[in-house]
Amino acid sequence: MPLALAILSAAALGMALISQYVFGLDPCILCIYQRWPYGIVIALGLMGFILSFKHKQAVAAMMGAIGLTFLANSLIAFYHTGVELKWWKSHFEGCAVPDLGSDPANILAIIEQSKAARCDEIPWSDPIFNLSMANYNVLFCFGLAVIAFMATRLIWKNKLN
C-alpha cells in the first residue's frame with residue numbers, strides 16, 4: 001500500500017510538471033506548495049515499502065504519516081481554492097499583484113519583470129465541471145488521506161491479532 005501511494009503521488013507530481021512545462025501553465029506559489037507533500041509521500045511510501053518486509057508497526061506509522069501529509073495537502077489546496085474563488089485573500093507573499101508604483105511609465109517594466117503567477121486566477125478548469133486543479137487536488141488528497149488512515153488502522157489491527 002505505501003508503494004501504491006508513492007506511485008500515485010509521483011503520477012500527480014508528474015502531471016503538475018507536464019502541465020507546467022508542456023502546456024505552459026505557470027504555477028503560483030500555492031501551486032508550488034501543493035507539490036511538496038507529494039514529494040514527502042513519495043519518500044515515505046518508498047520507506048514504508050522497504051520496511052514492509054519486516055516491520056509492520058513501522059509501516060503503520062508510515063501510512064499514518066502519509067495520511068497526515070495528504071490531509072495537509074488537501075488543506076493547502078482548499079486554501080488555494082478559497083483564494084481562487086475570492087472567498088478570502090491570500091496571506092502568502094507572491095500571491096499578490098506586485099506593487100506597480102505611481103509612475104505610469106514604469107508599470108509595463110514592472111509587470112514584465114514579475115514572473116509569479118497570481119494565486120487568485122484560475123489558469124485552467126475542466127470544461128465539464130468547471131473545477132480547477134486546486135479543486136481536484138482537494139478531493140484527490142482528501143480521498144487518499146482517508147485511504148491511508150484506513151490502511152493504517154487495518155495494518156495496526158492485523159499486527160495486534
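Start with C31 and C28 in this predicted model. Select both sulfurs: the one in C31 has its closest cysteine sulfur in C28, 3.5 Å away, which is too far for a bond. The cut-off for a disulfide is a pair of cysteine sulfur atoms within 2.5 Å, so 3.5 Å does not qualify. If you widen the search to the whole structure, the count of disulfides is 0. As a reminder, a disulfide is a covalent bond between the sulfur atoms of two cysteines.

Colour the two cysteines by accessibility next. C28 is buried, at a relative accessible area of 4%, whereas C31 is partly exposed, at 25%.

**The largest nonpolar core**

Now select L5, Y38, M63, I66 and F70. Within the largest nonpolar core, which has 18 residues, these five touch the most other members. Which elements give two or more residues to this core? They are α1 (2-21), α2 (29-51), α3 (56-84) and α5 (133-160). In general, nonpolar side chains tend to be buried together in soluble globular proteins.

You have already met one residue of another core: C28 belongs to a set of 5 residues lying apart from the largest one, and L30, A117 and C119 are also among them.

Centre the view on Y38 and show its contacts. Leaving out residues up to four places away in sequence, Y38 touches S9, A12, L13, F70, N73, N137, F140 and C141.

**Along α2**

Y38 is one of the buried residues in α2, so keep this helix selected. The others are L30, Q34, R35, P37, V41, L44, G45 and G48. Try a distance between the end C-alpha atoms of α2: they are 34 Å apart, which agrees with the 33 Å that 23 residues should span at 1.5 Å a residue.

**Along α1**

Move to α1 and repeat the exercise. Its 20 residues should span 28 Å at 1.5 Å a residue, and the end C-alpha atoms are indeed 28 Å apart. The buried residues here are P2, L5, A6, S9, A12, L13, S19 and Q20. Look down the axis: they cover an arc of only 155°, which puts them on the same side of α1. An α-helix has 3.6 residues a turn, so residues three or four places apart point the same way. On the face turned away from the buried side of α1, select the exposed residues I7, M15 and Y21.

**Two stops on α3**

Which residues does A60 touch, if those up to four places away in sequence are not counted? Select T152, I155 and W156. A60 sits in helix α3 and counts as buried, at 4% relative accessibility. Draw a line between the C-alpha atoms of A60 and W156: the separation is 6.0 Å, although the two residues are 96 apart along the chain.

The other stop is T81, which is also found in helix α3. Is T81 buried or exposed? Its relative accessibility is 7%, so T81 counts as buried. Show the contacts of T81, leaving aside neighbours within four places in sequence, and you will find A134, N135 and V138.

**Aromatic pairs**

Switch on the aromatic rings; the structure holds 6 aromatic pairs. F49 and F53 make an edge-to-face pair, with 5.3 Å from centre to centre and 75° between the planes. F49 is partly exposed, with a relative accessible area of 34%, while F53 is exposed, at 62%. For another pair, go to W87 and W88: the ring centres are 5.8 Å apart and the planes are at 65°, so this pair is edge-to-face too. W88 is partly exposed, at 31% relative accessible area. Add F78 and Y79 to the selection, and together with W87 and W88 you have one aromatic cluster.

**Two loops with positive phi**

Finish with backbone angles. Most residues other than glycine have a negative phi. K86 has a positive value, near 65°. Find K86 in the loop between α3 and α4 (104-113); at 55% relative accessibility, K86 counts as exposed. N130 also has a positive phi, near 60°. Where is N130 to be found? Look in the loop between α4 and α5, where N130 is exposed, with a relative accessible area of 58%.

Key:
Residues numbered from 1 in each chain as written. Predicted model: local features only at pLDDT ≥ 70, side-chain atom pairs only at ≥ 80, totals over all residues. Heavy atoms only, no water. Core = buried A, V, L, I, M, F, W, Y, C linked by side-chain atoms within 4.5 Å. Buried < 20%, exposed > 50% of the residue type's maximum accessible area, 1.4 Å probe, protein only. Helix = DSSP H or I, 4+ residues; strand = E, 2+ residues; numbered from the N terminus. Contact = heavy atoms within 4.5 Å. Expected span 1.5 Å × (residues − 1). Arc of directions from axis to C-beta. Phe/Tyr/Trp six-rings, centres within 6.5 Å; stacked < 30°, edge-to-face > 60°.
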